[in-house]
Amino acid sequence: MSASITSYKPNKFALFTAITAAMVITSGCQSLKTANATNQPTTTVQGQNADQPKKLESFNITGKIGVTTPANDSTGTQGGSAFYAWGQQNDRFAIELIGALGIGKTNIEYNGQTATLVSEKTGTLTADDPETLLKKATGWQAPISQMPYWISGRPAPSDSAPQIDDQSRLVSSVNGEWTASFTYKGTDKLPSKISAVQPQGNKVVMTINH
């Protein structure tokens, strides 16, 4: 566990300031009226589909994330939620969480090799990947590394059995023990909601404002 981190240079994450400001608007509570794409006919993707959107190499998104963990011997089912702002540039990202899953305002950064989390409760923590880091800090599990692909409306390289609807939009995909489903607004090509579940009872629901 490391107690320090070398900060990114401001020009690498200038976008993060903008999405943090946008989150103030998002947290004003806007309801998403969505059409669930999983109600449409689906097809299994075979290889690369030319009609699917390309992975977004950079994006700024905001929204809300909710996490549920299964009951164990000492506790029942637990859950938490947070508003988030996410800025991505290639393999690097910065995420700010407000109301963050029981640990206060939280920043998560990943430079392509090391993930760093800073919160009021935990201080500074580091790990090789963001999933390990989040679990270390909160006990929650979430498929963070796959999210940049899923946010782009396409399966991650390690996904299996992706399903598309008649508009060539990704509606479900499997990554290890995670099964993700995707919801869209109208004819939008990018998802407005991603739900990912594991058989053990872990669940992540993420609304997205592109």
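Strands β4 (residues 92–98) and β5 pair in the antiparallel sense over five bridges. Strands here are DSSP E runs of at least two residues, numbered from the N terminus; two of them pair if DSSP finds at least two bridges between them. This is a predicted model, in which local features need pLDDT of at least 70 and side-chain atom pairs count only at pLDDT 80 or more, while totals for chains, interfaces and linings use all residues. Residues are numbered from 1 along each chain as its sequence is written, and side-chain values use heavy atoms, with hydrogens and water left out.

Within the β4–β5 pairing, E96 stands opposite N107 in β5. On the β6 side, N107 stands opposite V118. Five bridges join β5 to β6 (residues 115–119), and the two run antiparallel. Four residues lie between these strands in their hairpin, where G112 takes a positive phi near 95°.

In a regular strand the side chains alternate between the two faces of the sheet. Strand β5 (residues 106–110) shows this alternation. T106, I108 and Y110 point to one face and are buried (under 20% relative accessible area, with exposed over 50% and partly exposed in between; 1.4 Å probe, protein chains only). N107 and E109 point to the other face and are not buried.

Now to β11 (residues 193–197), which holds S195. S195 counts as buried because its relative accessibility is 14%. Leaving out residues up to four places away in sequence, S195 touches T179, A180, S181, V204 and V205 (contact means heavy atoms within 4.5 Å).

Last, confidence. The chain averages a pLDDT of 80, and 72% of the residues score at least 70; pLDDT is the predictor's confidence in each residue, from 0 to 100. Over residues 1–39 pLDDT stays under 50. The model has 74 contacts beyond four places in sequence for residues 1–39. Where pLDDT is low, the predicted coordinates should not be read in detail.
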